[in-house]
Amino acid sequence: DPIVEVKVDTLNWVIKNVTTKLDTLKLFQIENFYDTYDNKYYMPKRSIVKYFIKDKKFFNWLNKDAGNIIGKNAAMPENNSTVEGTIIVDYKKYKINKGIKDKVFN
């Protein structure tokens, strides 16, 4: 069973970090960064997801896909390797409570 560790900023009540492990092997980690918008709303600014995969079937599927992207003759790691990757999500152009009447939140 995987273990999920969640770190919360209790001053702003937001999730700062989530890490999922299987035994001692880290599967993925999400780190969230926040900023103040419209001088009063504390909202996500960026999320960085790092994943670490050591599953043979999934690895083979990624290898096949990566070969199409980086070229057929590119050197691929062995099947027993860990696939690591990073996904970055930037949050922009917030529309905070635009078009929603305040009474909806009461």
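With a relative accessibility of 17%, Y34 falls among the buried residues, since buried means a relative accessible area under 20%. This value, like the others reported here, was computed from a predicted model. Y42 has a relative accessible area of 29% and is partly exposed. A search of the whole structure for aromatic pairs returned two. In the pair formed by Y34 and Y42, the ring centres lie 5.4 Å apart and the ring planes meet at 20°, so this pair is stacked; planes under 30 degrees apart count as stacked.

P44 is a residue of strand β4, which covers residues 41-53. Its relative accessible area is 24%, and P44 is therefore partly exposed. When residues up to four places away in sequence are not counted, P44 touches F33, Y34, Y37, Y91 and Y94. The buried residue Y34 is thus one of the contacts of P44. The C-alpha atom of P44 is separated by 9.7 Å from that of I15, and the two residues are 29 residues apart along the chain.

I15 belongs to strand β2, where I15 stands opposite V8. Strand β1 spans residues 3-9 and strand β2 spans residues 14-22; the two run antiparallel and are joined by seven bridges. Together, β1 and β2 make up a hairpin, with four residues between the strands. One residue of the turn, W13, has a positive phi of about 55°.

Strand β2 also contains T19. The relative accessible area of T19 is 7%, so T19 is buried. The side chain of T19 is joined to that of N17 by a polar contact of 3.0 Å. Leaving out residues up to four places away in sequence, T19 touches I3, V4, E5, K26, F28 and Q29.

N97 is located in the segment that follows β5, a strand formed by residues 83-90. At 35% relative accessibility, N97 is classed as partly exposed, because the partly exposed class lies between the limits of 20% and 50%. Apart from neighbours within four places in sequence, N97 is in contact with Y41 and F105.

Considered as a whole, the protein chain contains one helix and five strands. Read from the N terminus, these elements follow the order β-β-β-β-α-β. The protein chain has 106 residues, of which 19% count as buried; Y34 and T19 are both classed as buried. Among the contacts in the protein chain with a separation of 6 or more, 37% are accounted for by residues 24 or more positions apart. The area exposed by the protein chain is about 8700 Å², and 53% of this area is supplied by carbon and sulfur atoms.

The confidence of the prediction was also examined. The protein chain has a mean pLDDT of 81, with 75% of its residues at 70 or more. Confidence in the protein chain is highest in strand β1, at 96, which is one of the two strands of the hairpin described above. Confidence is lowest in helix α1, formed by residues 56-70, where the mean is 55.

Methods
Residues are numbered from 1 along each chain as its sequence is written. This is a predicted model: local features need pLDDT of at least 70, side-chain atom pairs count only at pLDDT 80 or more; totals for chains, interfaces and linings use all residues. Side-chain values use heavy atoms; hydrogens and water are left out. Two strands pair if DSSP finds at least two bridges between them. pLDDT is the predictor's confidence in each residue, from 0 to 100. Rings of Phe, Tyr and Trp (its six-membered ring) pair if their centres lie within 6.5 Å; planes under 30 degrees apart count as stacked, over 60 as edge-to-face and the rest as tilted. Buried means under 20% relative accessible area, exposed over 50%, partly exposed in between (1.4 Å probe, protein chains only). Contact means heavy atoms within 4.5 Å. Accessible areas come from the Shrake-Rupley method with a 1.4 Å probe; for residues, only the protein chains shown count as cover. A polar contact is a pair of N or O atoms within 3.5 Å; within protein, one must be able to donate a hydrogen and the other to accept it, and residues adjacent in sequence count only if both atoms are side-chain atoms.
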